[in-house]
Amino acid sequence: MNIDLIIQNIMNPPVLFFLLGMLAVFLKSELSIPQPLPKLFSLFLLISIGLHGGYELSKSGINIDVVKGLFLAILMASIVPIYSFFILRMKIDVYNAVAVAATFGSISAVTFITGITYLQTIGVEYGGYMVAAMTLMESPAIIIGLVLAAIFARQDNSNTKEKTDWGEILREAFLNPSVFLLMGALLIGIMTGEKGWHAMEPLFGDLFKGILAFFLLDMGLVAAKRIGDLKKVGFFLIGYAIIMPIFNAIVATSLAYFFGLSKGDAFLLALLSASASYIAVPAAMRLSVPEANPSIYLPLSLAVTFPFNISLGIPLYYFLTSLFWG
Amino acid sequence: MKGMKKVEVIIEAVYINKFLAFMNKHGVDSYTLIKDIEGKGGHGLKLADDITDVGANDYIFAVVEEDEYLKFKEELRSFIKKYGGKCFVTDTMMLL
């Protein structure tokens, strides 16, 4: 892999702010961002990416490429938690295997947003429908995780007579704040098209990179604080949190090539498949699989996979797609 | 004068709706809730400044008549045992 790709990614101001946040914790600086600002930034980024994706989708319309891309997104979001679960079961118990598999089967919107910024920096085009693909990839892992729990965990423990509250789980999977807001912003973007986007651009377009830098600064602080939790996790799972994303990216890139997606879209699909959730799925797992230990699945996603993807994963997955597309 | 109990619970934020539903089911519909509390306990330092709600804690207290409390005491114990957290029950008196 060309070292220039890594440097090009790391020299992106938002990524540097992420590293700065981590450095602040390592050097025991008192730096902190007052709450609830990071939550506001996260909402801003979701609206921005949803609106822009909707606008792009309104220009391109629904064509066969869009259908193929969305199909692959759902396919990846469905198969990753299944094969992950069986790999994890070799070393850890059913509950934790379900929670880790679901966490890694879902996606990280901020990783996706950073990937888009990278594509914009190097001038590679991507389809606006990939925002819809990202939204579709959030939820299946939650459902599949719970189905796996229902089959394997409840079977193991016949004393557990408690019924699964599917209403609550489905609401959490499909109406959790990120999915709801992303989908809403995407629809608004489609409905209002170019006129709507130009009206919103001064806030949601021009300030995008600055807010992303601010948000990633906070993510750096949060990720670095979680590194201590990794002591309890063990080498197998830490290795899993790096190797599995790369494997998922290879599977996604191969499928994207086979189905004839464009290079930019294939890269984003690989990045989404390689990313892990640290908001929606951990919350859903905590709610529905309380037996699983959040000190395992959360630091893996937040302190290993997220920093890896942001710094090295993005250029690595781009390199992968370049091997296929040239 | 009726005996009163003050039930104080520290629970993960993701379970707060479940807990409120549980209390409501047992006729406790008045409570005070403080979100995103910080502190240190058996699971180490818990901070409120996290982007993910997993690990964030909420504090809730309610005052109930002792007879009512005794009716759901064991279910409350099971709830806390299942979802984690801390529960303190003390005798109390309502002045106003």
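This briefing walks through a two-chain structure, starting with the overall picture and then moving to single elements and residues.

Please keep in mind that this is a predicted model. Chain A has 15 helices and zero strands, while chain B has two helices and six strands. In chain A, 53% of the 326 residues are buried; in chain B, 25% of the 96 residues count as buried.

**Chain A as a whole**

- The C-alpha trace of chain A spans about 60 × 50 × 40 Å along its principal axes.
- Chain A has a radius of gyration of 19 Å, which agrees with the value near 20 Å for a compact globule of 326 residues.
- Take the contacts in chain A between residues at least 6 apart in sequence: 89% of them join residues at least 24 apart.

**The nonpolar core**

- The largest nonpolar core has 130 residues, and those touching the most other members are A:Val98, A:Leu269, A:Ala270 and A:Tyr317.
- Helix H15 of chain A, residues 294-325, gives the most to this core, with 15 residues.
- A good residue to look up here is A:Ala270, which is in contact with A:Ala249, A:Ala252, A:Thr253, A:Tyr317, A:Leu320 and A:Thr321 when its neighbours within four places in sequence are left aside.

**Helices H2 and H11 of chain A**

- Helix H2 of chain A covers residues 13-26, and A:Pro14 lies in it.
- A:Pro14 counts as buried because it has 23 C-beta neighbours inside 10 Å, and the cut-off for a buried residue is 20 or more.
- Beyond its neighbours within four places in sequence, A:Pro14 is in contact with A:Thr114, A:Thr117, A:Lys209, A:Leu212, A:Ala213 and A:Leu216.
- If you look for another proline, A:Pro140 is 126 residues from A:Pro14 in sequence and 29 Å from it in space, C-alpha to C-alpha.
- Helix H11 of chain A runs over residues 208-226. With 19 residues, H11 of chain A reaches 27 Å from its first C-alpha to its last, close to the 27 Å expected at 1.5 Å a residue.
- H11 of chain A is mostly covered, with 14 of its 19 residues buried.

**The sheet of chain B**

- Reading from the N terminus on, the elements of chain B run β-α-β-β-β-β-α-β.
- Four strands of chain B form an open sheet in the order S2-S5-S1-S6, and the pairing is antiparallel.
- The edges of the sheet are strand S2 (32-37) and strand S6 (86-92) of chain B; each has a single partner strand, so one side of each is left without a neighbour in the sheet.
- On average, neighbouring strands of this sheet are turned by 15 degrees against each other, direction ignored.
- Strands of a sheet pair through backbone hydrogen bonds, in either a parallel or an antiparallel way.
- Strand S1 of chain B, residues 4-12, pairs with S6 of chain B over seven bridges in the antiparallel sense. For one place to find this pairing, look at B:Glu8, whose bridge partner in S6 of chain B is B:Phe88.
- S1 of chain B also pairs with strand S5 of chain B, residues 57-65, over nine bridges in the antiparallel sense. Here B:Glu12 stands opposite B:Asn57 in S5 of chain B.
- S2 and S5 of chain B run antiparallel and are joined by four bridges. Across this pairing, B:Leu33 stands opposite B:Ile60 in S5 of chain B.
- Among contacts in chain B between residues at least 6 apart in sequence, 77% join residues at least 24 apart.

**Two residues with a positive phi**

- Most residues other than glycine have a negative phi.
- A:Lys28 is not a glycine, yet it has a positive phi of about 60 degrees.
- You will find A:Lys28 in the loop between H2 and helix H3 (37-60) of chain A. A:Lys28 counts as exposed because it has 7 C-beta neighbours inside 10 Å, and the cut-off for an exposed residue is 12 or fewer.
- B:Asp36 has a positive phi of about 50 degrees although it is not a glycine.
- B:Asp36 sits in strand S2 of chain B. With 17 other C-beta atoms within 10 Å, B:Asp36 is partly exposed.

Methods: Residues are numbered from 1 along each chain as its sequence is written. Chains are lettered from A and ligands numbered from 1 in the order in which they are written. This is a predicted model: local features need pLDDT of at least 70, side-chain atom pairs count only at pLDDT 80 or more; totals for chains, interfaces and linings use all residues. Two residues are in contact if their C-beta atoms, placed from the backbone, lie within 7 Å. A nonpolar core is a set of buried Ala, Val, Leu, Ile, Met, Phe, Trp, Tyr and Cys residues joined through C-beta atoms within 7 Å. The radius of gyration is taken over C-alpha atoms; the globule rule is 2.2 Å times the number of residues to the power 0.38. Two strands pair if DSSP finds at least two bridges between them. Axes are lines fitted to C-alpha atoms, for helices over the stretch in contact, and angles run from 0 to 180 degrees between N-to-C directions. The expected span of a helix is 1.5 Å times one less than its number of residues.
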